[in-house]
Amino acid sequence: MAGELAAHSDQSVVLLEAGPDYGPYGSPAWPPELLDARALPTTHDWGYDSGTTWTHRSLAFERARVIGGCSAHNGCAEIWGSRLDYDHWAALGNSGWSTDNLLPFFRAGAERLRVRRYAAEEITPFHAACLQAAAGAGIPEVDDLNDLDQDVGIAPSPVNIAGGVRWNAAFAYLDPVRMRKNLTVVGDVLVDRLIVRGERIEAVAVVHDGAAATVRAGRVVLCAGAYGSPAILLRSGIGEPAELRALGIMPAVDLPGVGRNLHDQPVGGLSFTGTPELERRMTEFGAAHWLPEEQTIAKARSTRCARGFDLHLFPTGGPSSEGGWRWVIPVACMTPQSRGRLRLTSADPTVAPDIDHGYLTDAGGDDLEVLLDGIEQARAIASQPALASLLGEEMLPGKAIASRADLGGLLRSYCMHYAHPVGTCRMGLPRERQAVVDARGRVHGLANLYVADASIMPVIPRANTNMPALVVGLRVAGWLLE
């Protein structure tokens with residue numbers, strides 16, 4: 001957003017980043033783990049977790065606190081989803097968000113992020129076996145996972161990786177304009193709240209170097225993500241009035257949808273012991289090649305899917321950051337019906353909000369059934385000759401957990417997530433009680449406040465949300481430049 005506005009106008013643009021700004025690509029300040037795209041780094045995290053959602057465990061909800069946001073620490077899978085996803089957004093009354101409207105932004109974003117496909121010689125022995133095994137289990141290998149009209153298939157994932165470097169959004173959009181006089185980037189600035197005067201935002205209250213300060217602006221755009229953006233709005237008095245008063249926050253705009261409609265794609269899956277033969281092949285391959293953990297993704301259909309697809313299977317294998325090796329076939333329900341909510345527990349910006357995605361709580365039980373079908377498909381893939389002799393024994397959930405009832409109970413207690421939260425500042429018409437922004441990202445009831453991140457997505461796309469979130473930024477930036 002900041003890069004586009006600075007590049008294509010003379011507007012004065014100030015980008016406030018809660019984490020550090022390490023400068024342009026090539027700066028020695030960049031930590032190696034943020035550049036190395038082979039595995040997911042654990043540094044620069046906000047520390048969000050599931051809080052009191054479960055009594056028996058705490059589930060981390062990783063979000064990157066650094067310039068470039070989550071594009072600086074994610075798995076680099078640039079998957080777009082299905083035509084059904086964005087046409088549905090438009091059908092909900094959000095003009096300008098259909099697939100045909102968005103395709104130019106997907107293509108432009110892919111070019112700027114240096115998205116590429118793995119060459120045949122780059123495919124690791126583990127992922128080569130997964131490709132072959134999936135075909136044997138009825139999921140054909142396809143040329144392009146981003147064919148939005150193709151429903152079932154497996155392929156190496158398109159990735160925003162350049163020479164082994166995770167090519168994040170800051171490299172793609174800030175580096176070309178960092179020298180422009182109309183752009184100021186300030187790192188280590190925690191946004192506390194927005195100062196509302198009538199129907200306008202007058203300034204942004206921040207904490208910088210331990211001191212409170214304000215930044216006055218003619219227009220404010222929040223890009224703090226599905227957790228950060230609603231939290232800032234709520235601390236600003238924008239939300240459900242009674243709940244705000246209970247926290248000592250003076251209500252400014254009655255928008256009960258702020259923080260609601262939170263959802264993400266729940267994940268189950270299988271893990272295996274591996275074999276000496278698989279480790280030998282991977283070690284030999286790694287001596288001469290780059291060795292990423294994630295490399296292939298399968299789109300598949302559950303028995304509940306009539307159109308499109310509703311499953312991702314994304315094999316993950318290689319050296320573990322904790323030592324040894326790990327071999328996993330995770331399964332994600334890509335069309336979750338369950339909805340949760342983000343709430344503040346304090347008006348203090350350093351206190352994390354309460355985050356409950358409501359995983360597997362939909363009344364019809366569809367999300368759980370989709371995951372169970374996915375686990376059956378993962379087991380079918382793992383049993384194919386190309387993989388069976390390499391993977392060893394199924395450790396989790398283990399062959400003893402075979403019935404759908406037993407698997408369902410395990411998933412309800414231990415389901416994971418795909419790290420794709422959306423929806424907490426939902427885009428929609430003013431008359432919709434849960435709508436927070438209009439179809440151009442402007443917050444209802446305020447003239448100069450916008451949100452441009454995954455929080456405005458009304459329904460999660462069948463995608464890894466890296467590229468769809470970038471497209472949201474490009475789409476809203478284009479309208480602001482008009």
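A cavity here is a set of grid points where a 1.4 Å probe fits but cannot get out. Everything in these close-ups comes from a predicted model.

**View A. The second largest cavity has an entirely nonpolar lining.** About 40 Å³ of space sits in this cavity. Its walls come from Cys-130, Ala-134, Ile-154, Leu-313, Pro-315, Ile-329, Ile-381 and Leu-387. By class, that makes 8 nonpolar residues, with no polar and no charged ones. A search of the whole structure turns up 3 cavities of 30 Å³ or more.

**View B. The largest cavity has a mixed lining.** This one holds about 90 Å³ of space. Around it you'll find a run of names from Ala-37, Arg-38, Ala-39 and Leu-40 through Asn-74, Gly-75, Tyr-118 and Ile-161 to Trp-290, Pro-292, Glu-293 and Glu-294. Sorted by class, the lining has 7 nonpolar, 2 polar and 3 charged residues.

**View C. Now for an open site: the second largest pocket, at about 360 Å³.** Of the 21 residues lining this pocket, Asp-310, Thr-335, Pro-336, Gln-337 and Arg-462 come closest to its centre. Helix H3 (83-91) and helix H10 (366-382) each chip in at least two lining residues, and H3 gives the most, with 4. The lining splits into 10 nonpolar, 3 polar and 8 charged residues.

**View D. The largest nonpolar core runs to 130 residues.** Which residues have the most contacts inside this core? They are Trp-97, Leu-194, Leu-233, Ile-238, Leu-391 and Leu-449. Helix H13 (residues 466-481) gives the most to the core, with 9 residues. A second core of 11 residues lies apart from the big one, and Ala-77, Ala-155, Phe-314 and Met-334 are among its members. Zoom in on Ile-238 and, sequence neighbours within four places aside, its contacts are Val-196, Leu-233, Leu-244, Val-253, Leu-255, Val-258, Leu-446 and Leu-449. As a rule of thumb, nonpolar side chains in soluble globular proteins tend to be buried together.

**View E. Helix H9 (residues 276-286) has a buried face.** The buried residues of H9 are Leu-278, Met-282 and Phe-285. Looking down the H9 axis, these buried residues fall within an arc of 60 degrees, so they line one face of the helix. What covers them includes helix H5 (125-136), strand S16 (316-319), strand S17 (325-333) and helix H11 (385-391). Over on the face turned away from the buried side, Pro-276 and Glu-284 are exposed.

**View F. Asp-192 is a buried acid in strand S6 (residues 189-197).** Why does Asp-192 count as buried? Its relative accessibility is 14%, and the cut-off for buried is under 20%. Setting aside neighbours within four places in sequence, Asp-192 is in contact with Ala-205, Val-206, Arg-235, Ala-347 and Pro-349.

**View G. Tyr-414 brings together residues from far-apart stretches of the chain.** Tyr-414 belongs to helix H12 (residues 404-414). Is Tyr-414 buried, exposed or partly exposed? With a relative accessible area of 46%, Tyr-414 is partly exposed, because that class covers what falls between the 20% and 50% limits. Its contacts beyond four places in sequence are with His-56 and Arg-57. Leu-59 is 355 residues away from Tyr-414 along the chain, yet their C-alpha atoms are separated by 9.1 Å.

Definitions and conventions
Residues are numbered from 1 along each chain as its sequence is written. This is a predicted model: local features need pLDDT of at least 70, side-chain atom pairs count only at pLDDT 80 or more; totals for chains, interfaces and linings use all residues. Side-chain values use heavy atoms; hydrogens and water are left out. On a 1 Å grid over the protein atoms alone, a cavity is a set of points where a 1.4 Å probe fits but cannot get out, and a pocket is an open set with protein on both sides within 12 Å along at least five of seven lines; lining residues have an atom within 4 Å of a point. Grid points are joined across faces, edges and corners, and a volume is the space filled by probe spheres set on the points. Ala, Val, Leu, Ile, Met, Phe, Trp, Tyr, Cys and Pro count as nonpolar, Asp, Glu, Lys and Arg as charged, and the others, Gly among them, as polar. Buried means under 20% relative accessible area, exposed over 50%, partly exposed in between (1.4 Å probe, protein chains only). Contact means heavy atoms within 4.5 Å. A nonpolar core is a set of buried Ala, Val, Leu, Ile, Met, Phe, Trp, Tyr and Cys residues joined through side-chain atoms within 4.5 Å. The arc is that of the directions from the helix axis to the C-beta atoms.
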